[in-house]
Amino acid sequence: MELRFSPLFSGSSGNAIYVGCGDAHLLVDAGLSGARIAAELEKIGLHPSQLTAILTTHEHVDHTRGVGVLSRKYNLPVYATAGTWEGMAEKIGPVDGKNRCLMTPEQDFYLGGMNILPFSTPHDANEPVGLCFECGGARFAIATDLGCVKKGWMRCVRGADAVLLESNYDPDMLQAGSYPYDLKRRILSSRGHLCNDDAGSCALELARAGARHIVLGHLSKENNFPELARRCVEDALRAGGLVPDEDLRLDVASRDGLTGLFAVSARFD
């Protein structure tokens, strides 16, 4: 059975990722309007009413803007940590009590035939998480909004067949850019975002652990561009003896719309 995923939007302006297997259709984050997310879902042949649930990684608006609207319109359950619920409740508006679902970091659960593991991430939010999905022996992980490389979240992601990995900024572009000092300091902090070079180091480790497809995501519009992010990660892979797009597939997710619909299946050695 294939595990499917599709970055619908991935960037500092808004994030939404589709993950599906069998009859389970999940939306991870809804950081744009409900109408825009619905339009991208239609491109992969899915109507929002077919969604099983929305999973929210943290309360920042680029991950929650459309959560409440979609839940109310299509009667969708919303899964989030207790801290994320506390942080986003006023932002997303009312959600029916039966659709307010709790997930706990490092405790896995099932939706349909899909096993889901939320794992703690180093980010300046209330109890943020990344997510690992497993179905039919295939594994996909979402690891974005990461202030630093930590053994904890890497341990959860290592071994995934495919990973959406943050490659948010180029340090030189950030330092020379127009952002105010406090914002630069936040992004650079251990609870901010992951830079291209760190993404390269992580990609190499993940590839050595079995990842066959890495999609770079959550790129900053002001402090990065796709070609630079890709080149930094390619350089790290080559330095480690791997050939991009031969030893593993490497893509960069679009900030402004559908990147593609991808699939991974179990690998039997």
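This report describes the overall dimensions, one helix pair and several individual residues of a predicted model.

## Overall architecture

The predicted protein holds nine helices and 14 strands. Its C-alpha atoms occupy a box of roughly 50 × 50 × 35 Å when this is taken along the principal axes. For 269 residues, a compact globule would be expected to have a radius of gyration near 18 Å, and the value of 17 Å found for the protein agrees with that expectation.

Burial and contact order can be read alongside these dimensions. Of the 269 residues, 58% count as buried. When contacts are restricted to residues at least 6 apart in sequence, 63% of them join residues at least 24 apart.

## The pairing of α8 and α9

Helix α8, which covers residues 196-208, and helix α9, which covers residues 226-239, have axes that come within 8 Å of each other and cross at roughly 45 degrees. Because this angle falls outside the ranges for roughly parallel, roughly perpendicular and roughly antiparallel pairs, α8 is described as oblique to α9. The crossing in which α8 passes α9 is right-handed.

On the α8 side, the contact is made by Asn196, Asp197, Ala199, Gly200, Ser201, Ala203, Leu204 and Ala207, while α9 contributes Leu228, Ala229, Cys232, Val233, Ala236 and Leu237. Sorted by class, the residues in this contact between α8 and α9 are ten nonpolar, three polar and one charged.

## Loops around these helices

Gly210 is placed in the loop between α8 and β12, and with a relative accessibility of 11% Gly210 counts as buried. Once neighbours within four places in sequence are left aside, Gly210 is in contact with Ala160, Asp161 and Arg267. The C-alpha atoms of Gly210 and Leu261, which are 51 residues apart along the chain, are separated by 21 Å.

The loop between β12, residues 213-217, and α9 contains Asn223. Asn223 has a relative accessible area of 2% and is therefore buried, given that the cut-off for burial is under 20%. Apart from neighbours within four places in sequence, the contacts of Asn223 are with Tyr169, Asp170, Met173, Leu174 and Tyr179.

## Residues with positive phi

Most residues other than glycine have a negative phi. Against that background, Asp29 has a phi near 70 degrees, which is a positive value in a residue other than glycine. Asp29 sits in the loop between β3, residues 24-28, and α1, residues 34-43, and is buried, with a relative accessible area of 2%.

Glu106 also has a positive phi, near 70 degrees, and is likewise a residue other than glycine. The position of Glu106 is in the loop between β6, residues 100-102, and β7, residues 109-111. A relative accessible area of 45% makes Glu106 partly exposed.

## Ser120 and its surroundings

Ser120 belongs to strand β8, which spans residues 114-120, and is partly exposed, with a relative accessible area of 36%. With neighbours within four places in sequence left aside, Ser120 is in contact with Pro105, Glu106, Pro128, Val129 and Trp153; this list includes Glu106, whose phi is positive.

The contact between Ser120 and Trp153 can be set beside the distance between their C-alpha atoms, which are separated by 6.6 Å although the two residues are 33 residues apart along the chain.

Note on methods: Residues numbered from 1 in each chain as written. Predicted model: local features only at pLDDT ≥ 70, side-chain atom pairs only at ≥ 80, totals over all residues. Heavy atoms only, no water. Axes fitted to C-alpha atoms, helices over the stretch in contact; angles between N-to-C directions. Helix = DSSP H or I, 4+ residues; strand = E, 2+ residues; numbered from the N terminus. Parallel < 35°, antiparallel > 145°, perpendicular 65-115°, else oblique. Left-handed = near helix turned anticlockwise from the far one by under 90°. Contact = heavy atoms within 4.5 Å. Nonpolar A, V, L, I, M, F, W, Y, C, P; charged D, E, K, R; others polar. Rg over C-alpha atoms; globule rule 2.2 N^0.38 Å. Buried < 20%, exposed > 50% of the residue type's maximum accessible area, 1.4 Å probe, protein only.
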